[in-house]
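The exercises below ask you to read a protein model closely, one feature at a time. Please keep the sequence and the structure open while you work through each solution.

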Amino acid sequence: MKGYVYYTEIEASRNRGFIDDLMVEAQRIDIDLHLLIDHEQPDKDADFILFRDRNPNLATKLEMEGFRLVNRAEVNRIANDKLKTFELATLLGISAIPTKKVQQIEQIESYPCVLKTVDGHGGQQVVLCTSHVQAAAFLSQFHDHTLIAQPYIESGARDIRVFMIGEEVVGAVKRTGHDSFKSNYTLGGTVEQYTLANWQEKEAKTIAKAVKSDYIGIDFILLPDGRWMLNEIEDPVGARSLYTTHDFSVAKKLMEYVKEKLS
């Protein structure tokens, strides 16, 4: 079996450790895995491309050329559009942070609110606004993006990231932010292993099954009363927090899943 793992050059440099782990685990189970960067072209006989970029257009192009993507382009499209993610949750009956598209300051009904670009990630292009002036500045700065507004929901800067391979939960972590309402591990938050309740696992599986994903992260903000609300779907999802809190190789599980699914 022959495959590629695709990254942009910048992201390949940032994720070298995970790429190396993927290569080792692929070789162990007789998958001939190669790194594909930016505009390099995959061989036509490739069995799959592990697509590690936030680029639905490129993913769609590769699928139209006949390649099997992990994840498929539609997953990339939904996960990298926070408004589409909210619409999916509504369709599935899963509690999610109320989200609406905004183009003008008059569409923001109350403060505090959280403003985001629909395609931002890693806690970037997100701001907590407590006034008309702050909101206007954000709308001006990102006027060429599609923007959304969400009510600020107190969560103690805590959220849960659930890691899914296929329709199975492979791990979950609780992330807690410091000096910020954002909980992202890469922004200095702390992380610990988290055990899902049965109802939480069921909701995560419902999302993964609905989008027909191969490998995603699903982020839920954790409310003080123990409930949670869907915030985002991550594709590609970074696994640093999972490697930090768990004693297994995500790359091993992912490569074994790919081989079994495609065999």
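**Exercise 1. Which residues do ring pairs link into a cluster with Trp 199?**

Solution. The model is a predicted one, and in it ring pairs join Trp 199 to Phe 220 and Trp 228 in a cluster. Begin with the pair of Trp 199 and Trp 228, whose ring centres lie 5.5 Å apart and whose planes make 75°. Since ring planes over 60 degrees apart count as edge-to-face, that is the class of this pair. Next, place the two rings in the fold: Trp 199 belongs to helix 7 (residues 198–211) and Trp 228 to strand 13 (residues 228–234), so the pair ties together parts that are 29 residues apart in sequence. Finally, consider exposure, where Trp 228 is buried with a relative accessible area of 2%, whereas Trp 199, at 40% relative accessibility, is partly exposed.

**Exercise 2. Classify the aromatic pair of Phe 138 and Phe 142, and state whether these residues are buried or exposed.**

Solution. The model has 5 aromatic pairs in total. In the pair of Phe 138 and Phe 142 the centres are 4.8 Å apart and the planes make 50°, which gives a tilted arrangement. Both Phe 138 and Phe 142 are buried.

**Exercise 3. Describe the surroundings of helix 5 (residues 82–92), from its start to the residue just after it.**

Solution. At the start of helix 5, a side-chain oxygen of Asp 81 comes to within 3.0 Å of the backbone nitrogen of Leu 83. Within the helix, the buried residues are Lys 82, Leu 83, Thr 85, Leu 88 and Ala 89. To interpret such a list, recall that an α-helix has 3.6 residues a turn, so residues three or four places apart point the same way. The cover over the buried residues of helix 5 includes helix 4 (73–79), strand 6 (113–117), helix 7 and strand 13, among other elements. Just after the helix, Gly 93 adopts a positive phi of about 75°.

**Exercise 4. Which strands stand at the edges of the sheet with the order 2-1-3-4, and which helices pack against its strands?**

Solution. This open sheet consists of 4 strands with parallel pairing. Strand 2 (32–37) and strand 4 (69–70) each have a single partner strand, so one side of each is left without a neighbour in the sheet. Inside the sheet, strand 1 (residues 2–7) and strand 3 (residues 48–51) run parallel and are joined by 4 bridges, with Gly 3 standing opposite Phe 48 in strand 3. Helix 2 packs on the sheet by touching strand 1, strand 2 and strand 3, and its direction makes about 155° with that of strand 2. Helix 3 (residues 56–64) lies across strand 1, strand 3 and strand 4, and runs at about 175° to strand 3.

**Exercise 5. In what order do the strands of the antiparallel open sheet follow one another?**

Solution. The 5 strands follow the order 11-10-9-12-13, and the edge strands, each pairing on one side only, are strand 11 (190–193) and strand 13. From one strand to the next the twist averages 25°. Within this sheet, strand 9 (residues 158–165) and strand 12 (residues 215–222) pair in the antiparallel sense over 7 bridges, and Ile 165 stands opposite Tyr 215 in strand 12.

Methods
Residues numbered from 1 in each chain as written. Predicted model: local features only at pLDDT ≥ 70, side-chain atom pairs only at ≥ 80, totals over all residues. Heavy atoms only, no water. Phe/Tyr/Trp six-rings, centres within 6.5 Å; stacked < 30°, edge-to-face > 60°. Buried < 20%, exposed > 50% of the residue type's maximum accessible area, 1.4 Å probe, protein only. Helix = DSSP H or I, 4+ residues; strand = E, 2+ residues; numbered from the N terminus. Contact = heavy atoms within 4.5 Å. Polar contact = N/O pair within 3.5 Å; in protein donor to acceptor, adjacent residues only side chain to side chain. Pairing = 2+ DSSP bridges. Axes fitted to C-alpha atoms, helices over the stretch in contact; angles between N-to-C directions.
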